[in-house]
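Colleague: Got a minute to go through this model with me? I'd like to start with one side chain and work outwards.

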Amino acid sequence: SDGQNTAVCYTEDALMRHAPPKTFSKWFYQKRREWFIAHNFKLKHRILLGTFKVSQMLFWLFFFTLVVGPYWMWAASVLAVRLLLQAVVYYGAAKKLKETDVIWMFPLMELFLVCIQIGIFMSNIFSKPTHWK
C-alpha cells in the first residue's frame with residue numbers, strides 16, 4: 001500500500017461482524033494471541049500502538065496518584081477535559097457506525113481495558129500462547 005490505493009469506508013454495508021468468544025477466559029486467550037503476534041507489525045505501527053497503550057496506563061496511574069493528594073482538583077479537572085474530548089470523538093464514531101447503545105460506558109471500559117492489558121502483558125511474559133491452528 002502506498003497510501004494512494006487505500007480508503008476508509010465506514011458505511012453500514014462495509015461492517016464485518018463476528019461472534020465474540022462466549023467466555024471471558026476464551027476472550028482473554030484470544031487477546032493474548034493477538035498481542036503475541038504484534039511482532040509481525042511494522043515497527044512504526046508497533047511504536048504507535050505501544051505509545052498509545054503506555055499513555056493510557058500512565059494517565060490512569062498519575063490520575064489515581066494525584067486524586068488522593070492535595071492536587072485532587074487538578075486531577076479531576078484534567079480527567080473531566082479528557083473525558084469530554086473522548087466523548088465527542090467516540091460518540092461521533094459510534095454514531096457513524098450505529099453503535100451508540102453502550103457509548104456511555106466508555107470510561108469504565110477504558111479502565112477495564114487498561115487492567116486487562118496489564119494482565120495480558122504479564123501473562124504473556126510467563127507463558128506463550130499457542131498459535132492459531
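Colleague: Arg82 first: buried or exposed?

Modeller: Buried. This is a predicted model, and in it Arg82 has a relative accessibility of 18%, so it falls under the 20% cut-off for buried.

Colleague: Which helix is Arg82 in?

Modeller: Arg82 belongs to α3.

Colleague: And what does Arg82 touch, leaving out residues up to four places away in sequence?

Modeller: Gln56, Phe59, Trp60 and Glu110. With Phe59 there's something extra: Arg82 sits over the face of that ring, 4.1 Å from its centre.

Colleague: OK, zooming out. How do α2 and α3 pack?

Modeller: The angle is about 145° and the axes are 8 Å apart. α2 covers residues 43–67, and α3 runs over 72–96.

Colleague: What's the handedness of that crossing?

Modeller: Left-handed.

Colleague: Which residues make the contact?

Modeller: From α2 you have Gln56, Phe59, Trp60, Phe63, Leu66 and Val67. α3 puts in Trp72, Ala75, Ala76, Val78, Leu79 and Arg82. So our arginine turns up again, as part of the contact between these helices.

Colleague: How do the residues of that contact divide by type?

Modeller: There are 10 nonpolar ones, one polar and one charged.

Colleague: Switching to aromatics. How many pairs are there in the whole structure?

Modeller: The search turns up 10 aromatic pairs. Take Phe24 with Phe28: the ring centres are 6.0 Å apart and the planes are at 35°, so that pair counts as tilted.

Colleague: Where do Phe24 and Phe28 sit?

Modeller: Both are in α1, which spans residues 24–36. They're four residues apart, about one turn of the helix.

Colleague: Is each of them buried, exposed or partly exposed, then? Let's say what Phe24 is and what Phe28 is.

Modeller: Phe24 is partly exposed at 47% relative accessibility, whereas Phe28 is buried at 18%.

Colleague: Which residues do ring pairs link into a cluster with them?

Modeller: Trp27 and Phe112 join Phe24 and Phe28 in a cluster linked by ring pairs.

Colleague: Last one, backbone. What's the phi of Lys98?

Modeller: About 55°, so to speak on the positive side, although Lys98 is not a glycine.

Colleague: Where is Lys98 found?

Modeller: In the loop between α3 and α4, with α4 covering 106–126.

Colleague: And is Lys98 buried or exposed?

Modeller: Exposed, because its relative accessible area is 58% and the cut-off is over 50%.

Conventions:
Residues numbered from 1 in each chain as written. Predicted model: local features only at pLDDT ≥ 70, side-chain atom pairs only at ≥ 80, totals over all residues. Heavy atoms only, no water. Helix = DSSP H or I, 4+ residues; strand = E, 2+ residues; numbered from the N terminus. Buried < 20%, exposed > 50% of the residue type's maximum accessible area, 1.4 Å probe, protein only. Axes fitted to C-alpha atoms, helices over the stretch in contact; angles between N-to-C directions. Left-handed = near helix turned anticlockwise from the far one by under 90°. Contact = heavy atoms within 4.5 Å. Nonpolar A, V, L, I, M, F, W, Y, C, P; charged D, E, K, R; others polar. Phe/Tyr/Trp six-rings, centres within 6.5 Å; stacked < 30°, edge-to-face > 60°. Lys NZ or Arg CZ within 6 Å of the ring centre and 35° of its normal.
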